[in-house]
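Open your viewer and get ready to click along. We'll go stop by stop, selecting one thing at a time.

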Amino acid sequence: MKTGTIQQATFRNFMIEATAVQMGTEWRPQFRVSRGNRKTSWCTPRVHAFSNSALAVDAAIQHAKLEIQRGWGSCFA
């Protein structure tokens, strides 16, 4: 298992850390969300695997934004 570089993004006062993990020939997206000094654990969303790490990292960021919009903000209140 090989991990790609971590890319950071901010969205609605949340910090998103996204990366991709190589499993065989495919890359799986992973992300975690933080606010202040609180962080979630790494999450692997249920999406298709990708052929390169850049696409997987982009998918991880988009999925993290969706999770924040769905109400993860209450976890950090």
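Before the first click, a bit of vocabulary: two strands pair if DSSP finds at least two bridges between them. Strands (E, at least two residues) and helices (H or I, at least four) are DSSP runs, numbered from the N terminus. This is a predicted model, where local features need pLDDT of at least 70 and side-chain atom pairs count only at pLDDT 80 or more, while totals for chains, interfaces and linings use all residues. Residues are numbered from 1 along each chain as its sequence is written, and side-chain values use heavy atoms, with hydrogens and water left out.

**Stop 1: colour by confidence.** pLDDT is the predictor's confidence in each residue, from 0 to 100. The chain averages 85, and 90% of its residues reach 70 or more. Where is confidence lowest, and where is it highest? The low end is strand S1 (residues 2-3), with a mean of 68, and the high end is S3, at 92. Where pLDDT is low, the predicted coordinates should not be read in detail.

**Stop 2: select S2 and S3.** These two strands run antiparallel, paired over 5 bridges. Click Thr10 and you'll find Met15 of S3 opposite. S2 and S3 make a hairpin with 2 residues between them, and Arg12 in the turn has a positive phi of about 50 degrees.

**Stop 3: add S4.** S3 and S4 also pair in the antiparallel sense, this time over 9 bridges. Try Ile16, which stands opposite Val33 in S4, then Met23, whose bridge partner in S4 is Glu26. Between these strands is another hairpin with 2 residues in the gap, and Gly24 in its turn shows a positive phi of about 70 degrees.

Buried or exposed: how do these strands score? Buried means under 20% relative accessible area, exposed over 50%, and partly exposed in between (1.4 Å probe, protein chains only). S3 is mostly covered, with 7 of its 10 residues buried. In S4, 7 of the 10 residues are buried, so S4 is largely enclosed by the rest of the structure.

**Stop 4: follow S4 into S5.** Strand S5 (residues 38-39) runs antiparallel to S4, joined by 2 bridges. Arg35 stands opposite Arg38 in S5. In this hairpin, Gly36 takes a positive phi near 65 degrees.

Keep Arg35 selected and show Phe14 too. Arg35 lies over the face of that ring, 4.9 Å from its centre. (A charge sits over a ring if NZ of Lys or CZ of Arg is within 6 Å of the ring centre and within 35 degrees of the ring normal.)

**Stop 5: the core.** A nonpolar core is a set of buried Ala, Val, Leu, Ile, Met, Phe, Trp, Tyr and Cys residues joined through side-chain atoms within 4.5 Å. The largest one here has 15 residues, and Ile16, Val33 and Ile68 touch the most other members. S2 (7-11), S3 (14-23), S4 (26-35) and helix H1 (53-69) each supply at least two residues of this core, with H1 giving the most, 6 residues.

**Last stop: Thr19.** Select this residue in strand S3. Thr19 counts as buried because its relative accessibility is 2%. Contact means heavy atoms within 4.5 Å. Leaving out residues up to four places away in sequence, Thr19 touches several others, including Thr3, Trp42 and Val57.
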